Amino acid sequence: MIEKEFVLKKYGLTTRLVTEKDAEFIVKLRSDEKLSLFLNKTNSNIDEQEKWIKQYKIRESRGEEYYFVFLNEDLPIGLCRLYKFEPLSFTIGSWIFSSDAPKGTALLGDIITREIGFDLFPQKKLKFDVRKGNRNVLKYQHMFKPKVVDEDAENFYFELHKVDFEKYKVKFLRMLTN
């Protein structure tokens with residue numbers, strides 16, 4: 001379980017749990033048509049987002065879900081979530097970063113979220129889905145050699161084991177830092 005006051009500084013980013021104060025930032029990112037093209041639609045009303053966050057904080061307090069905000073020099077630049085904690089798996093999603101975020105930080109945010117997930121659930125598989133039209137994200141995800149476990153008209157569904165994530169993460173981080 002993650003502490004209420006969780007803060008992680010890694011790879012030049014600060015990661016913390018979302019609060020109601022992040023509602024405007026969340027709406028701004030998720031209402032951007034270009035950035036949210038491959039995400040589920042979100043209500044663009046800030047008050048409604050605050051209500052959603054209040055309900056999320058209840059799920060967070062029970063260890064059912066974690067929604068992270070990523071900061072660069074104290075400015076919020078991105079979001080990602082861990083959820084659907086099942087006996088053999090957990091899911092990552094809601095990954096979105098500002099177009100103003102420094103190059104590579106969205107990828108680092110994804111890696112950090114996966115690291116947190118595998119720290120919490122080292123024996124479980126990571127599940128995630130990617131929209132078929134999201135070619136750049138598909139290319140990135142394939143670098144970790146995940147297993148395609150299903151697909152439908154809109155999405156590919158993947159699973160990734162910790163050992164594979166760790167193996168390819170090292171190579172990927174080397175590419176980002178060189």
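Me: Where is the place of Lys169?
Reply: Look for Lys169 in helix H5, which covers residues 162–177. Keep in mind as we go that this is a predicted model.

Me: Is Lys169 buried or exposed?
Reply: To read this, take the relative accessible area and see whether it is under 20%, the cut-off for buried. Lys169 has a relative accessible area of 10%, so it counts as buried.

Me: Which residues is Lys169 in contact with, leaving aside its neighbours within four places in sequence?
Reply: Setting those sequence neighbours aside, the contacts of Lys169 are Tyr11, Ile111, Glu115 and Phe144. Two names from that list, Ile111 and Glu115, appear again among the H3 residues that meet H5.

Me: Then let us turn to H3. How does the distance between the end C-alpha atoms of helix H3 fit its number of residues?
Reply: The idea is to work out an expected span from 1.5 Å a residue and set it beside the model. Helix H3 runs over residues 105–120, and its 16 residues should span 22 Å. The end C-alpha atoms of H3 are 22 Å apart, so the two values agree.

Me: How many of the 16 residues of H3 are buried?
Reply: Twelve of them are, so H3 is largely enclosed by the rest of the structure. Among the buried residues of H3 are Thr105, Leu108, Gly109, Ile112 and Phe118. The charged residues Asp110, Arg114 and Glu115 also belong to the buried set.

Me: What does Asp110 contact, beyond its neighbours within four places in sequence?
Reply: Asp110 lies in helix H3 and, at 2% relative accessibility, counts as buried. Beyond those neighbours, Asp110 touches Ile92, Trp95 and Tyr140. For one of these pairs there is also a backbone distance: Asp110 and Ile92 are 18 residues apart in sequence, with 8.7 Å between their C-alpha atoms.

Me: How are two packed helices described?
Reply: Two things are given: the angle between the axes and the distance between the axes. For H3 and H5, the angle is about 150 degrees and the axes are 11 Å apart. That angle makes H3 roughly antiparallel to H5, and their crossing is left-handed.

Me: Which residues of H3 and H5 meet?
Reply: From H3 come Leu107, Leu108, Ile111, Arg114, Glu115 and Phe118. From H5 come Lys162, Phe165, Lys169, Phe172, Leu173 and Leu176. There is a general pattern to try on such lists: an α-helix has 3.6 residues a turn, so residues three or four places apart point the same way.

Me: At what angle do the axes of H1 and H2 cross?
Reply: The axes of helix H1 (residues 23–31) and helix H2 (residues 46–61) cross at roughly 115 degrees and come within 9 Å. That makes H1 roughly perpendicular to H2, with a right-handed crossing. On the H1 side, Ala23, Glu24, Ile26 and Val27 take part, and they meet Ile46, Gln49, Glu50 and Ile53 in H2.

Me: What do the buried residues of H1 pack against?
Reply: They pack against H2, S3, S4 and S5. The buried residues in H1 include Phe25, Ile26, Val27 and Leu29.

Me: How many residues does the largest nonpolar core have?
Reply: The general idea is that in soluble globular proteins, nonpolar side chains tend to be buried together. Here the largest nonpolar core has 47 residues, and Val18, Phe68, Phe70, Leu79 and Phe144 have the most contacts inside it. Strand S3 (residues 66–72) gives this core its largest share, six residues.

Me: Is Arg81, in strand S4, buried or exposed?
Reply: Arg81 sits in strand S4 and is buried, with a relative accessible area of 15%. Leaving aside neighbours within four places in sequence, its contacts include Trp52, Glu65, Tyr67, Ser94 and Thr113. The C-alpha atoms of Arg81 and Ser94 are 5.7 Å apart, although 13 residues separate the two along the chain.

Me: Which loop does Asp74 lie in?
Reply: Asp74 is in the loop between S3 and strand S4. At 69% relative accessibility Asp74 counts as exposed, and its phi is positive, about 70 degrees, although it is not a glycine. Lys84, in the loop between S4 and strand S5, also has a positive phi without being a glycine, at about 50 degrees.

Note on methods. Residues are numbered from 1 along each chain as its sequence is written. This is a predicted model: local features need pLDDT of at least 70, side-chain atom pairs count only at pLDDT 80 or more; totals for chains, interfaces and linings use all residues. Side-chain values use heavy atoms; hydrogens and water are left out. Helices (H or I, at least four residues) and strands (E, at least two) are DSSP runs, numbered from the N terminus. The expected span of a helix is 1.5 Å times one less than its number of residues. Buried means under 20% relative accessible area, exposed over 50%, partly exposed in between (1.4 Å probe, protein chains only). Contact means heavy atoms within 4.5 Å. A nonpolar core is a set of buried Ala, Val, Leu, Ile, Met, Phe, Trp, Tyr and Cys residues joined through side-chain atoms within 4.5 Å. Axes are lines fitted to C-alpha atoms, for helices over the stretch in contact, and angles run from 0 to 180 degrees between N-to-C directions. Angles under 35 degrees count as roughly parallel, over 145 as roughly antiparallel, 65 to 115 as roughly perpendicular and the rest as oblique. A crossing is left-handed if the near helix is turned anticlockwise from the far one by less than a right angle, and right-handed if clockwise.
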